[in-house]
Amino acid sequence: MTMNSTVNKLDEAPLLVVGAGVMGVGIAQVAAQAGHAVMLYDAREGAAAEAKTKLAKSLDALVAKGKLTAQGVSQTLSRIEAIASLAAAAPARLVIEAIVEKLDVKRGLFQQLEAIVAADCVLATNTSSISVTAIANGLQHPARLVGMHFFNPVPQMRLVEVVSGLQTDPAVAALIFDLAGVWGKVAVHARSTPGFIVNRIARPFYAETLALLQEQAATPAVLDACLRAVGFRMGPCALMDLIGHDTNFAVTSSVYEANFYDKRFAPSLVQRELVDGGLLGRKSGRGFYDYTAGAVQPGNTDFAPVPLPVAPVAQSLCVQGVGPVAERLVAALAQAGRAFARDESSDWVGLAIVADGAELRLTDGRPASQLGAEVAVFDLPVSSETGIALAWAPSSRASAGWCAAAATWLQALGFSPQRIADVPGLVVARTLAMLINEAADAVLHGVCTPEGADAAMKLGVNYPAGPFEWLAQWETRNVIGCLDALDAHYRGERYRVSPWLRQRAWQEGVQ
Ligand code: NAI
């Protein structure tokens, strides 16, 4: 069957939500608030009615806080009917399934539903990891099955990934896309591939931190501080502790397996060790951090501004290169009233302390030790705020004097320097490069558009910017340079550059 223009919009159509768990109830609430008559069904006897009672309590609490009106809540609740048998669902024009995450159970449910609902009833699955194409296999009308992937908590999270399988009718995907908009959500089209958009593109956020921990490059607190400085609400370690290492490890493993064990998605031994040891994060009382009563939580790294180091008489300073980071150094030196030269043709960005023969370089992906002796590299500062945590590393051949001086220079230039091991791409640069790379591959594979990827990451996981927004700021050649340096250092498949990025660089006239 093909859905065609005879299909009306789904606004206010009666709908069935199957599964009265955390997601199903959230979906039922949002649909009812948008005016739909909602039937709620759960295989466990009494579960749908219990869920409605629980929902009533939580909505009443919002009335007490003045966030909803009593009349609105009673209208919403009057539209939700807990049904005891699927046979009662015949009038539904849309079914949204939010049951257990098992392919055979979901398939069985939709096959059963096809015998109950009308031939033009749209079937949607809220699966977060199962192929929509696979769920549709065996249906009489596979074209009407589509993914409608909400995020938890459903009433608050604005993103809906509209996931099309191989046989999904584009008209059905368009109906669900429009409906999500009517419900106040931002819908993004996605092709059914492992992890869809958000769970795929987000992998490096965790993976790079885990790789750095494995190399003992920095502590969880330092890594978290450096990434919070980009504007992420939580650092990866704190976030994995919140999600639960068992859940996070399971998602990573499923994406890895579904990508035929592509090393880019490989799970981490560091995380498996936590899972094996039952250190699951907040829910078990300990993960990377200790959550037991009285434990001290890592807070923000302290930043105390210091004056620029006093220069020897003959010392001269030179700001190297062009771009936002060079401009930032220029502004900091000018504000401090320090004389400096500029070398805009330099092939690196940063500050040369000429008399000392020392270089403070913005990372281009290569470790400091590869660049010279009196060299220190610093991470990509994304936020323009003063005092942000910023990773840096000296060359393994740097003198003790330069190691101390480099930190002081960074502090005087307005950063809170966090010394880590001399790893390629430090913390922020490598993490953003890999997020951008993954997003580029998703676009290359037709999973989503660049705009869709940006919207999905900002609304689905609250990223401070989308990967293509970072790409525009940082420039394609710099992102490729960082990835190539990582690839040269580690070898293997993990840091290979997406062909999409190479094409873009060529389009921009960069080799
Ligand atoms: P849950 O475990 O809270 O609720 C699932 C409900 O489905 C339970 O009440 C269970 O009794 C019922 N159920 C199981 N098999 C059934 C069947 N054959 N027929 C009818 N009801 C059945 O699970 P949750 O977290 O609400 O997840 C549901 C779905 O949503 C899963 O596919 C999950 O992957 C997906 N999802 C979950 C998110 C989350 O953060 N929890 C986020 C996005 C998607």
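Exposed, for a residue, means over 50% relative accessible area, and buried means under 20%, with partly exposed in between. Keep those cut-offs in mind. R44 has a relative accessibility of 51%, so R44 counts as exposed. One caution before I go on: this is a predicted model.

Let me start with the whole chain. We have 19 helices and 15 strands. The radius of gyration is 26 Å, and the globule rule gives 24 Å for 511 residues. Those two values are close, so the chain is as compact as a globular protein of that length. Along the principal axes, the C-alpha trace spans about 90 × 55 × 40 Å.

Now the inside and the outside. Of the 511 residues, 53% are buried. The accessible surface comes to about 21600 Å². Carbon and sulfur atoms hold 53% of that surface.

How much of the contact map is long-range? Take the contacts with a separation of 6 or more: 68% of them join residues 24 or more positions apart.

Next, one buried position. V95 sits in strand β4, residues 94-97. Is V95 buried or exposed? Its relative accessibility is 0%, so V95 counts as buried. What does V95 touch? Leaving out residues up to four places away in sequence, its contacts are L16, V18, L113, V117, C121, V122, L123 and A124. For a sense of distance, take V95 and R286. They are 191 residues apart along the chain, and their C-alpha atoms are separated by 40 Å.

On to charge. The chain carries 41 positive and 47 negative charges. The mean positions of the two sets are 3 Å apart. Side chains of opposite charge can pair when their charged atoms come close. How many salt bridges does the structure hold? There are 20.

I'll walk through a few. Back to R44. R44 pairs with E50, and the closest N and O atoms are 3.5 Å apart. E50 has a relative accessibility of 46%, so E50 counts as partly exposed. R44, at 51%, is on the exposed side of the cut-off.

Second pair: D246 and K283. Here the closest N and O atoms are 2.9 Å apart. This pair links distant parts of the chain, 37 residues apart. D246 is in helix α11, residues 245-258. K283 is in the loop between α12 (269-276) and β9 (317-320). As for accessibility, D246 is at 28%, so D246 is partly exposed. K283 is at 53%, and therefore exposed.

Third pair: R342 and E344. The closest N and O atoms are 3.6 Å apart. R342 has a relative accessible area of 30%, which makes it partly exposed.

Then there is a network. Which residues are in it? R200, R264, E438 and D441 are linked by salt bridges.

One last acidic residue: E327. It is found in helix α13, residues 324-335. With a relative accessible area of 40%, E327 is partly exposed. How far is E327 from E385? Their C-alpha atoms are separated by 14 Å, and the two residues are 58 residues apart along the chain.

To wrap up, three things to look for on the screen. Find V95, buried in strand β4. Find the D246 and K283 salt bridge, which links distant parts of the chain. And find the salt-bridge network of R200, R264, E438 and D441. Thanks.

Methods
Residues are numbered from 1 along each chain as its sequence is written. This is a predicted model: local features need pLDDT of at least 70, side-chain atom pairs count only at pLDDT 80 or more; totals for chains, interfaces and linings use all residues. Side-chain values use heavy atoms; hydrogens and water are left out. Helices (H or I, at least four residues) and strands (E, at least two) are DSSP runs, numbered from the N terminus. The radius of gyration is taken over C-alpha atoms; the globule rule is 2.2 Å times the number of residues to the power 0.38. Buried means under 20% relative accessible area, exposed over 50%, partly exposed in between (1.4 Å probe, protein chains only). Contact means heavy atoms within 4.5 Å. Accessible areas come from the Shrake-Rupley method with a 1.4 Å probe; for residues, only the protein chains shown count as cover. Lys and Arg count as positive and Asp and Glu as negative; His and the chain ends are not counted. The place of a charge is taken as NZ of Lys, CZ of Arg, CG of Asp or CD of Glu. A salt bridge is a side-chain nitrogen of Lys or Arg within 4 Å of a carboxyl oxygen of Asp or Glu.
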